[in-house]
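Biologist: I've got a structure open and some of the vocabulary puzzles me. Could you walk me through it?

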Amino acid sequence: MATTITKHETLVGTSIRRKEDPRLITGTATYVDDIQMPGMHHACILRSPYAAAKIRGIDKQAALDLPGVVAVYTGEDTKDVGPVPCGASLPGLRVPHHYILAIDRVYFVGHPVAVVVATDRYIARDAVDLIEVDFDPQAAVADPEKALAPGAPAVHPEWPDNTAFTYLQDGGDIDAAFRDAEVVVKERIVSQRLIPSPMEGRGVVADWKSGDKALTIYTSTQIPHLARTLIAMMLGVPEHRMRIVAPEVGGGFGSKLNVYAEEALMGFVAMHTGKPVKWIESRRENFTTTIHGRGHVDYLEMAAKKDGTILGLKIKLIQDLGAYHQLLTPAIPTLSVLMMPGLYRFKNVHAEIVGVFTNCVPTDAYRGAGRPEATHTIERMVDILAAELKMDPAELRFKNFVGNDEFPFATATGLSYDSGNYAAPLRKALEMVDYDKLREEQKQAREEGRLMGIGMSAYGEICAFGPSPATPAGGWESATVKIEPSGTVTVLTGVSPHGQGEETTFAQIAADELGLNLDDIVVQHGDTAIVQYGIGTFGSRATAVGGTALYFALQDLKAKLKRFGGMLLNSDDVTLGNGVCVCNKSGKTVTLAEMAGASYRAMSLPANTEPGLMATHFWEPPNFTFPFGAHIAVTEVDRDTGAIEVKRYVAVDDCGNIINPLIVAGQIHGGVAQGLGQALCEIAVYDDDGQLLSGEFMDYAIPKATTMPWIETAHTVTPSPVNPLGVKGVGEAGTIGASPAIVNSVVDALSPLGVRHLDMPMTPERIWNVIQKGVQS
Amino acid sequence: MIAQNFEYTRPKNLEEALSLLADGNAKVLAGGMSLVPLMKLRLASPESLVDIARLPELNYIREEGGALHLGAAVTHYQLESSAVVRSKCPLLAECARQIGDPQVRNRGTLGGSVAHADPSSDYPAVLLALEARVLMISAAGGDRTIGYEDFLVDTFTTALEPGEVVREIAVPVEDNRTGYSYQKVLQPASGFAIVGIAVRLRNDGGRIADARVAVTGLGGKPYRARNVENALNGLAGGAAELQHAVATIAEGIDANTDIHASAEYRKHLARVYAIRAVAVALSRAQ
């Protein structure tokens, strides 16, 4: 065995390099685009150049005449395929019929209109340019507030008010809170549209075996099983004849927690041509047709006492939905509302969400999915209140945190926070930056005319989705553990890792439970023909829910192993541990391999025991988990240009027990990068006609290695009581904590100029304009 | 992101390259850092490419007759790392270092960038400040050399005639008393210059002399700011006088506006970065 990790060493809690890495860094991983099949065709999609237009006609003859073109399909051909599914349900939700190819109208730039199937991808692309579509451009609207204005162009002509839903949530007595208020602060806060930007875009290979009437779809997804159920429904293929494979998936950030038109479209093409077909999304397509994230305009009012006690919060949340509902589009802002109270004790909230159609690509889950927006707004409001009351922002937070003796804590939005010590990470972060000294430095800097800022965020998030009654598709997760006859172990998990490292962390869990080496465990996932039904990887749920399912499957298997051990040792008094079974009387041992061999050879069997060693567990979580933490950013603003320098970044996170600190650090670093990207540079810009101006990486600015500050990480550990592993989830924490910490810091830097709030991204020009106004006033 | 069908030729020598390019139908590929993305977006669809990036005849850095002669196929990385360039024309090395990322600098070439004439690229400011000269050749013969300022005609437009290729850029060797600086505001996504200012000057007994100031990124065409140069000469470099001297740097320029920076902000940045570049250059001038 190649591993350097010796047997019996406890692996959980250790920084182990990922088992996934060798194949990723040597270029031997298999992504969708690496899949080759005999006779495979290639597809390319004609997309709308207009945000809104009627289609008067499509002439595909010239494309069909191009040698190498096999077929061209339009919306007329595919109109019987079921609609792209929306899994979210809200009272009164308007759901436009989302055909996989446009029929007589397009609703956003990038809307698929026709597909060319050809013998190679170059011919397919050339043929797209030969299709003539007679578009009749219509007025479009790309901004959610403009879409709500009277007389705005109707995205869907049947709903002239562009309103997909309104949703109200009340908790406590908001009127009393504002009646008792001594201070009320108000602000309009925008969480701009963002482009998720995974390294690998989407891609699909579909393979139809007509003899078996069986369809296999390889797709870059986070949810292979849910995709199977939904795509089978769209195509009318019985689910047991449908197989989905998520091969290596190069990141998703929520954008692949979805079912897309192209996945069903490729299935349709394969079934109609009888040949396998591949479609690989270009980056331009990824930017214009894969879901975007965020897209909030929030109007907030916070009521408080003069001593800083927060009494209540009102929010009107305008959510830019885009032109359609993708899988969870309308549900995302409801998550924001759930987390509006943040880590604070106040019990009175009033929330109104208005979901607005625009002629843009749909929004949906993007790293944090609703919770970064919630945290950003509450943490901004707390700072605004602190400024109003001339209180230190840390002191104000300490005053309002839910206390350690209040858990489980019932929130105003109906949640039950599982466990917490909310003051601990903030206290630790303040110690790390030497807060009092830093404030002294700031005083000095201000005297020198420098704009130095100190900003903090104390975030809470809702993770481990989730109890099934609270989720659209079931919130449980599954695991199967197979001890093979030779004693090595295969784990089949229902989650679908695409960068999170569960092939390593789950192997750590299994190795510890069974007393084996890391390399004795292989974790498989992503293939519905191999793995039992599962839900998938999103919402920081994989370890807290999927890892727990694994834990319980391992317990079942250990009980069975013990019976075989007892049989082999001829004793009722045995103990299982460290990869062996020991007779407590004689001290004799049998190895796991010997027990496995006996179970499969089955010369004799323990009483009431079947041969073989395999256990499957479906685990339903009793509650969500609620990780938390505190981030502090120290910034300095260049007075002459508005440029922001992040001089120091401290992240103290509490994600419960930690299985692999190296992977947790990686999640925090990547998460902070994306939060910092939102705070400083990222924005999907549509012009008034619905053209995406930030349509390539040449214009959409994500943080780069050279622009990232050093990130200092630390942890406090408050185990979750929700699962036996005590884990909470960490996939989105960094993103959630980062944007308010950075914005609060820059607002603090500019506060001597009278600045109270800044919207994101805080580009140098925006800051420079603010400074100009401040200097003049 | 798939280009239209095209022919690709990698000639063995310069002569063959020139004959392939003689009819003016083929496009020169000299690193491809700008052309290939344009082709993938189908904003450019040349039928034929002639790849000159690896021609040894075009890859040289020579000091001769008081000038550095730089072959068109010299990469940004070569300029950034060359000991000769760093000591004899450090402004050029400082500029090359700020282009794109390591991958781009390893593939992109000086000649390719100069011939492409992107108004937000970095070289124009520096080549204007250095009073560089461009040597062009063609199969028909008649090699000619013109000043870079004349070579640069307009946005993405140069003095190159069909069939003509940039063979060499020549920059004067600077004595080590010359002060220089290239200061750039990066477009946050692409890394191109929102504004880039090149300054090259001498220190004449504590006073600025022979100042040259050039601007890229601001408008459709990079330019020498001669009014600023004149205003700078003779100054001691105090903050107030520098501010006054650069005040007109963007005067009369139709500045770009895009999602990254408005015209007004770009003009402001030109002034701020000009002051910074002059201050750095002056500190380096002996």
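Biologist: In what order do the strands of the open sheet in chain A come?

Modeller: This is a predicted model, and in it 3 strands of chain A make an open sheet in the order 22-23-24, with antiparallel pairing.

Biologist: What makes strand 22 and strand 24 of chain A edge strands?

Modeller: Each of them, strand 22 (574-577) and strand 24 (589-591) of chain A, has a single partner strand, so one side of each has no neighbour in the sheet. Going from one strand to the next, the twist averages 20°.

Biologist: How do you know that strand 22 and strand 23 of chain A are paired?

Modeller: Count the bridges. A pair needs at least two of them, and strand 22 and strand 23 (residues 580-583) of chain A have 4 bridges, in the antiparallel sense. So they count as paired. For one example, T575(A) has V582(A) in strand 23 as its bridge partner.

Biologist: Which helix packs on the sheet and touches strand 22, strand 23 and strand 24 of chain A?

Modeller: That's helix 16 (residues 542-569) of chain A, whose direction makes about 130° with that of strand 22 of chain A. Helix 17 (residues 592-601) of chain A lies across strand 23 and strand 24, and runs at about 70° to strand 24.

Biologist: Over to chain B. Why is strand 13 of chain B called largely enclosed?

Modeller: A residue is buried if 20 or more other C-beta atoms lie within 10 Å of its own. In strand 13 (residues 207-216) of chain B, 7 of the 10 residues are buried, so the rest of the structure largely encloses it.

Biologist: How do you know which strands pair with strand 13 of chain B?

Modeller: Same test, at least two bridges. Strand 12 (residues 193-204) of chain B has 8 bridges to strand 13, antiparallel, and V199(B) stands opposite V213(B) there. Strand 14 (residues 223-224) of chain B is joined to strand 13 by 2 bridges, also antiparallel, with V215(B) and Y223(B) as bridge partners.

Biologist: How many residues lie between the strands in each hairpin?

Modeller: Strand 12 and strand 13 of chain B have 2 residues between them, and G205(B) in the turn has a positive phi of about 55°. Between strand 13 and strand 14 of chain B there are 6 residues, and G217(B) takes a positive phi near 85°.

Biologist: Last one: how many residues does each chain bring to the contact?

Modeller: Chain B gives 13 residues and chain A gives 20 residues. On the chain B side, 9 are nonpolar, 4 are polar and none is charged.

Definitions and conventions: Residues are numbered from 1 along each chain as its sequence is written. Chains are lettered from A and ligands numbered from 1 in the order in which they are written. This is a predicted model: local features need pLDDT of at least 70, side-chain atom pairs count only at pLDDT 80 or more; totals for chains, interfaces and linings use all residues. Two residues are in contact if their C-beta atoms, placed from the backbone, lie within 7 Å. Ala, Val, Leu, Ile, Met, Phe, Trp, Tyr, Cys and Pro count as nonpolar, Asp, Glu, Lys and Arg as charged, and the others, Gly among them, as polar. Axes are lines fitted to C-alpha atoms, for helices over the stretch in contact, and angles run from 0 to 180 degrees between N-to-C directions. A residue is buried if 20 or more other C-beta atoms lie within 10 Å of its own, exposed if 12 or fewer, and partly exposed in between; C-beta atoms are placed from the backbone.
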